[in-house]
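Here is a short report on a protein–DNA model. Look it over first, then read on.

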Number of protein chains: 2
Amino acid sequence: MAKRPPSMFDVAQASGVSHQTVSRVLNNHESVSDKTRAKVLASMEKLGYRPNLAARALVTGKSSTIGVLSYDTTLFGPASMLHAIRESARDVGYALNTVTLKSIDRESVENGIQELINAGVDGLVIIAPHYVGDKPFSNIPGSVPTVIVEGEDAGKIPSVNVDQILGAQLAVEHLISLGHKRIAHISGPENWFETQKRIEGWKCALDKSKLSTKSLVAGDWSARSGYEATKEILKDPKVTAIFAANDSMALGALKALSEAKIAVPAKMSLIGFDNLPESEFLVPELTTVTQDFQEVGKRSLDLLIAQIEGKKISTKRLAITPTLAIRASTAKAPH
Amino acid sequence: MAKRPPSMFDVAQASGVSHQTVSRVLNNHESVSDKTRAKVLASMEKLGYRPNLAARALVTGKSSTIGVLSYDTTLFGPASMLHAIRESARDVGYALNTVTLKSIDRESVENGIQELINAGVDGLVIIAPHYVGDKPFSNIPGSVPTVIVEGEDAGKIPSVNVDQILGAQLAVEHLISLGHKRIAHISGPENWFETQKRIEGWKCALDKSKLSTKSLVAGDWSARSGYEATKEILKDPKVTAIFAANDSMALGALKALSEAKIAVPAKMSLIGFDNLPESEFLVPELTTVTQDFQEVGKRSLDLLIAQIEGKKISTKRLAITPTLAIRASTAKAPH
DNA sequence: ATAATCCCCGTTATCGCTCACATGGCGATC
DNA sequence: GATCGCCATGTGAGCGATAACGGGGATTAT
């Protein structure tokens with residue numbers, strides 16, 4: 001027999017004031033004398049009063065919830081991002097309503113967005129690492145504050161991105177500086193935003209040094225795909241360095257190289273992307289690019305909250321700078 | 001100028017019925033003629049009507065949201081679990097409100113629970129891999145349906161667990177069957193539930209075979225800690241096999257063994273726990289224990305929904321059976 | 001002493017929905 | 001043909017909070 005939990009009226013009655021005064025205390029309204037405030041707070045404590053969020057949401061039209069649309073959250077990147085966003089959101093008093101997509105066709109993206117909007121979120125964070133075709137996110141009502149993370153530009157929606165091109169350039173230029181001439185790339189799946197940017201950075205760095213041979217094999221972020229891709233790459237004996245678009249694929253590459261009895265870094269240099277906590281403990285320790293997910297999460301939430309609170313936003317495009325962690329898997333080119 | 005979105009009354013007016021009829025259509029109530037139903041649905045479509053969840057939650061007292069209390073969701077285990085729960089929840093029409101804990105003292109656990117309850121969740125999934133001291137979760141009102149995942153028994157709260165003891169036994173017995181006599185264990189942090197269970201399974205298996213030497217070093221799930229722990233273990237030259245309590249630590253162990261020039265599995269067998277997607281591509285491929293997180297998530301949600309809907313629950317303790325994935329990192333003991 | 005001004009607090013309406021109950025119509029029953 | 005009963009629909013209340021406005025009492029100004 002769960003009896004009805006105490007409402008404002010119960011608290012009001014218990015402390016001999018009106019429910020409105022209770023509401024004022026709750027919202028830290030100023031025009032309440034210290035004495036009554038204390039009285040009300042005492043009654044709230046005594047009765048174990050908890051405000052009913054649904055009722056508040058109904059009347060204010062604000063749910064104090066932000067919606068996050070994401071993709072496979074078992075992957076290190078999305079998981080870290082989500083975690084960072086959650087932490088930031090909690091700090092500013094927002095709950096999270098997360099929808100994860102299984103596939104990323106246009107329809108499921110729109111469904112996910114619709115679902116979140118129906119749930120009454122105050123704002124939207126879209127972790128959109130894929131290209132979804134033309135007019136993405138067209139069904140977001142203009143009234144819903146939105147931030148896009150790691151996604152393609154979508155009109156005037158603010159976005160936060162790690163500078164993927166720069167990250168790839170850092171990696172490849174490091175290899176070039178070590179004297180490598182033929183640097184293969186294991187990319188992510190074609191329809192990912194990050195994939196394209198990293199390819200672009202890789203190509204750009206090669207072009208800058210007039211290295212025209214660009215051997216590219218696409219993976220799917222998994223270790224298995226890195227393993228397979230590397231076997232493919234090894235058909236060209238001139239390749240002396242591999243830039244994998246993430247650490248998992250680099251790990252798979254390591255296995256393929258080991259099976260082919262090609263020493264890393266003596267005969268082949270290898271570089272990854274993401275800096276998994278484990279990467280430092282691979283054999284050999286993996287040189288990789290570090291993205292500050294924490295920072296991305298924090299920044300995107302700042303941007304979102306600013307919109308929700310109706311503040312003017314100065315920067316619409318925020319780029320986070322990645323850094324290179326140089327470790328043992330890269331060395332001077334052989335010869 | 002965001003004008004007010006259409007409400008039931010708008011739909012009612014547009015289709016010439018009462019708001020109550022609209023409500024009935026919305027909730028698939030039977031006593032509505034096909035003709036009016038169609039008419040109402042058409043108006044809803046035309047006006048772009050979306051039910052206001054907050055209003056519904058207010059009057060029904062149900063939010064169609066379940067709360068999840070979890071720990072560091074960047075770890076593979078919790079992340080997978082969370083993902084599975086989210087999928088299952090969505091399938092049955094529930095949203096998720098997740099709170100992640102930074103530390104796991106009793107107070108933050110209770111705060112987290114309180115926070116979720118205040119938010120009006122219909123049920124609670126507590127992923128509680130730690131021992132939190134006595135009377136954990138004591139502040140959960142009896143009226144809030146709850147399921148504990150991977151946690152210690154807490155009175156009459158239903159729980160779903162992977163059989164960690166069995167998992168550890170499988171691992172250790174596999175090593176024993178290969179002739180290993182001295183099998184060291186790298187455990188997780190002491191205050192984790194899983195740590196204790198895996199230690200128990202390890203000890204139990206050793207006892208069964210009358211192996212009395214039990215060298216145990218505690219790690220913290222990280223690759224680094226596995227690396228350090230292994231260096232410690234190697235001080236005893238009689239150890240021929242290591243059972244690490246998760247794959248990340250096993251990966252760290254691999255590095256320490258490589259540095260000590262101890263061949264795996266020729267001189268040392270190594271076994272992990274979790275079966276990370278990457279583990280199959282380590283060098284050598286890692287033998288490990290597989291937990292079906294998907295299943296755990298699905299089962300726990302079933303249990304929760306059953307409670308929410310007031311059904312009788314037959315099983316209060318659900319154990320999921322782990323399996324052993326035998327790969328290249330384990331082999332016959334040397335000599 | 002009277003008017004003006006604040007400060008505190010109460011009254012009433014409202015958000016969008018569901019629940020409990022009332023009502024009208026039509027066929028079946030005797 | 002009057003009674004019953006069921007089906008389809010409407011009416012009114014109320015969920016628990018905030019918003020807008022109104023009003024008494026003490027303080028200050030005139």
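What follows covers the surface near one DNA strand and the relation between two protein chains.

## Surface near DNA strand D

The model is predicted. In it, 29 residues surround DNA strand D. The closest are A:Met8, A:Ser23, A:Tyr49, B:Ser18 and B:Thr21. By class, this surface has 10 nonpolar, 15 polar and 4 charged residues.

On the DNA side, take the atoms of strand D within 4 Å of the protein. Sugar or phosphate accounts for 60% of them, and bases for the rest.

## Phosphate contacts and elements

Three residues of chain B illustrate contacts to phosphate oxygens of DNA strand D. B:Ser18 places a polar backbone atom 2.7 Å from one such oxygen. For B:Ser33, a backbone N or O atom lies at 2.9 Å from a phosphate oxygen. B:Thr36 uses its side chain instead: a polar atom there lies 3.0 Å from a phosphate oxygen.

Which elements give two or more residues to the surface near DNA strand D? In chain A they are helix 2 (19–26) and helix 4 (53–60). In chain B they are likewise helix 2 (19–26) and helix 4 (53–60). Helix 4 of chain A supplies the largest share, 5 residues.

## Relation of the two chains

A turn of 180 degrees, with a shift of 0.0 Å along the axis, lays chain A on chain B with an RMSD of 0.1 Å. The two copies are therefore related as by a two-fold rotation axis. In chain A, the C-alpha of A:Ala54 is nearest the axis, 2.5 Å from it.

Both copies use the same surface: 100% of the contact residues of chain A recur in chain B.

Conventions: Residues are numbered from 1 along each chain as its sequence is written. Chains are lettered from A and ligands numbered from 1 in the order in which they are written. This is a predicted model: local features need pLDDT of at least 70, side-chain atom pairs count only at pLDDT 80 or more; totals for chains, interfaces and linings use all residues. Side-chain values use heavy atoms; hydrogens and water are left out. A residue is near a molecule or strand if one of its heavy atoms lies within 4 Å of it. A polar contact is a pair of N or O atoms within 3.5 Å; within protein, one must be able to donate a hydrogen and the other to accept it, and residues adjacent in sequence count only if both atoms are side-chain atoms. Helices (H or I, at least four residues) and strands (E, at least two) are DSSP runs, numbered from the N terminus. Ala, Val, Leu, Ile, Met, Phe, Trp, Tyr, Cys and Pro count as nonpolar, Asp, Glu, Lys and Arg as charged, and the others, Gly among them, as polar. Copies are superposed by least squares on the C-alpha atoms of residues with pLDDT of at least 70 in both. Contact means heavy atoms within 4.5 Å.
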